[in-house]
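Trainee: I should like to request a close look at one part of this structure, namely its nonpolar surface patch. Which residues make the patch?

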Amino acid sequence: MKTLILCTFVLLTNSVFAQTESSSVFEESFTGMFELEPVEPYIPEGIQGPLNPAVPLDGGLTALLVAGGAVGYRKFRARQTK
């Protein structure tokens with residue numbers, strides 16, 4: 001008798017909680033997954049103009065260039081005197 005009541009209860013609850021739609025979970029999750037959306041091209045903001053150089057010459061870089069020029073000039077002068 002207990003098994004009959006248990007089986008009836010299981011059948012009734014199974015029909016109550018059953019899915020009413022025929023679509024599967026996998027179809028819902030993969031719908032539109034491989035469809036490409038139109039992408040607008042990326043335009044960076046703040047395009048640098050002629051007054052704003054791409055690489056600023058700061059003090060350290062300027063001093064390095066001047067020192068390299070001085071060493072080069074000294075070597076040039078030493079070769080010219082020989």
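Mentor: The account below begins with the patch and then turns to the chain around it.

The model is predicted: local features need pLDDT (the predictor's confidence in each residue, from 0 to 100) of at least 70, side-chain atom pairs count only at pLDDT 80 or more, and totals for chains, interfaces and linings use all residues. Residues are numbered from 1 along each chain as its sequence is written, and side-chain values use heavy atoms, with hydrogens and water left out.

F26, F30, M33 and F34 form a nonpolar surface patch of about 540 Å². F34 lies in the loop between helix 2 (25-29) and helix 3 (59-81), helices being DSSP runs (H or I) of at least four residues, numbered from the N terminus. F34 has a relative accessible area of 73% and is exposed (over 50%, whereas buried means under 20%, with a 1.4 Å probe and protein chains only).

Around the patch, the chain has 3 helices and 0 strands (strands are E runs of at least two). Of its 82 residues, 0% count as buried. Mean pLDDT is 77 for the chain; among its elements, helix 3 has the highest mean (90) and helix 1 (residues 2-16) the lowest (75).

Notes
Patch = residues over 30% accessible without salt bridge, like charges linked within 9 Å, V, L, I, M, F, W, Y side chains within 5 Å. Areas by Shrake-Rupley, 256 points an atom, 1.4 Å probe, with all protein chains shown as cover. Salt bridge = Lys/Arg side-chain N within 4 Å of Asp/Glu carboxyl O.
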